[in-house]
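Got your viewer open and a selection box ready? Here is a walk through the model, one stop at a time.

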Amino acid sequence: MHDHDHHHDHDHDHDHDGHHRNPRPASAEELRARALEALLVEKGIVTSDAIDAVIDRYVNDVGPQNGAKVVARAWTDPAYRERLLADGTAAIGELGFAGDEGDTMVVVENTPQVHNVIVCTLCSCYPWPVLGLPPTWYKSAPYRARAVAEPRAVLADFGVELPDDVEVRVWDSTAEVRYLVLPMRPAGTDGRSEEELAALVTRDSMIGTGLPLAPAAA
Ligand code: FE
């Protein structure tokens, strides 16, 4: 258990929504984000309320549940799957998911021969409209470096063991192109509804660092 001294200043004046309620020291990233927000507000470029609205949207409305719907549709509708692989942006847009950080979406399909993993080696590019905001580990330097250098070791850390003959492909996201992994439909799911299938699709299975849940586990 951590027992932080709490000496750092919390004297900013916009704690109306509890952003900084956690009794722990701010990380360097948080401090940078706050400084940037303060500057943008000061310059009149955005308001704090506008920033809060964006954050609330991604915390409450946009998340991996969107990507799970895309995956479940692809598992149950072969024509949709084809459109999804041919033009991810358009097919994802068919389900109403689009917007910032998802302007150009490429969907990469796992098969018995190929397992795909996504990373952003430069920073933290991530497909927001379908997965929401990236998890902390996705933004970490070790993940960003190791996903490329030793993807199988990273997968093992996440508990994903693949047969030796499966090729692991790593996709490096950029500001322009964001990737989504289409995982393989789990065995034993014949006859499941799209909604039931979506419940098996985890966030990590769409990043490639996990697999969908087995039907019994859902
Ligand atoms: Fe990035």
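Start by selecting residues 64–76 and 78–86, which are helix α3 and helix α4. They pack at an angle of about 125°, and their axes are 5 Å apart. That angle makes α3 oblique to α4. Keep in mind as you look around that this is a predicted model.

Now show side chains where the two helices touch. On the α3 side, pick Val-70, Arg-73, Ala-74 and Thr-76; on the α4 side they meet Pro-78, Tyr-80, Arg-81 and Leu-84. Colour that contact by residue type and you get 5 nonpolar, 1 polar and 2 charged residues.

Stay on α3 for a quick sanity check. How far apart are the end C-alpha atoms of α3? They are 18 Å apart, and because 13 residues at 1.5 Å a residue should span 18 Å, the helix agrees with expectation.

Next, hide everything in α3 except its buried residues: Asn-66, Gly-67, Ala-68, Val-70, Val-71, Ala-72, Ala-74 and Trp-75. Val-70 and Ala-74 should look familiar, as both take part in the contact with α4. What covers these buried residues? The cover includes α4, α5 (88–94), α6 (128–131), β4 (178–182), α10 (194–198) and α11.

Follow that last element and select residues 203–207, which make up helix α11. Inside α11, click on Asp-204. Is Asp-204 buried or exposed? Its relative accessibility is 18%, so Asp-204 counts as buried. Leaving aside residues up to four places away in sequence, Asp-204 touches Trp-137, Phe-158, Thr-209 and Gly-210. Draw a C-alpha to C-alpha distance from Asp-204 to Pro-64 as well: they sit 140 residues apart in sequence, yet 9.0 Å apart in space. Pro-64 takes you back to α3, which covers residues 64–76.

Time for the metal. Select the iron ion and show its donors: Cys-120 (SG), Cys-123 (SG), Ser-124 (N), Cys-125 (N) and Cys-125 (SG). The donor distances run from 2.1 to 2.7 Å. Notice that Cys-125 appears with both N and SG in that set, while Ser-124 contributes its N. Along the chain, the donors follow the spacing C-x2-C-S-C. Switch on a surface and check two of the cysteines: Cys-123 is partly exposed, at 35% relative accessible area, whereas Cys-125 is buried, at 10%.

Now for a couple of loops. Go to the loop between α5 and β1 (105–109) and pick Glu-101. Look at its backbone: phi of Glu-101 is near 65°, a positive value in a residue other than glycine. For context, most residues other than glycine have a negative phi. Glu-101 is partly exposed, with 30% relative accessibility.

One loop further along, between β1 and β2 (114–119), select Thr-111. Thr-111 is partly exposed too, at 22% relative accessible area. Add a C-alpha to C-alpha distance from Thr-111 to Glu-167, and it reads 9.6 Å across a sequence separation of 56 residues.

Finally, zoom out to the whole protein chain. Cartoon view gives you 11 helices and 4 strands. Of the 218 residues, 36% count as buried. Among contacts with a separation of 6 or more, 63% come from residues 24 or more positions apart.

Conventions
Residues are numbered from 1 along each chain as its sequence is written. This is a predicted model: local features need pLDDT of at least 70, side-chain atom pairs count only at pLDDT 80 or more; totals for chains, interfaces and linings use all residues. Side-chain values use heavy atoms; hydrogens and water are left out. Donors are N, O and S atoms within 2.8 Å of the metal (3.2 Å for Na, K and Ca); water is not among the atoms, so sites may look incomplete. Buried means under 20% relative accessible area, exposed over 50%, partly exposed in between (1.4 Å probe, protein chains only). Contact means heavy atoms within 4.5 Å. Axes are lines fitted to C-alpha atoms, for helices over the stretch in contact, and angles run from 0 to 180 degrees between N-to-C directions. Angles under 35 degrees count as roughly parallel, over 145 as roughly antiparallel, 65 to 115 as roughly perpendicular and the rest as oblique. Ala, Val, Leu, Ile, Met, Phe, Trp, Tyr, Cys and Pro count as nonpolar, Asp, Glu, Lys and Arg as charged, and the others, Gly among them, as polar. The expected span of a helix is 1.5 Å times one less than its number of residues.
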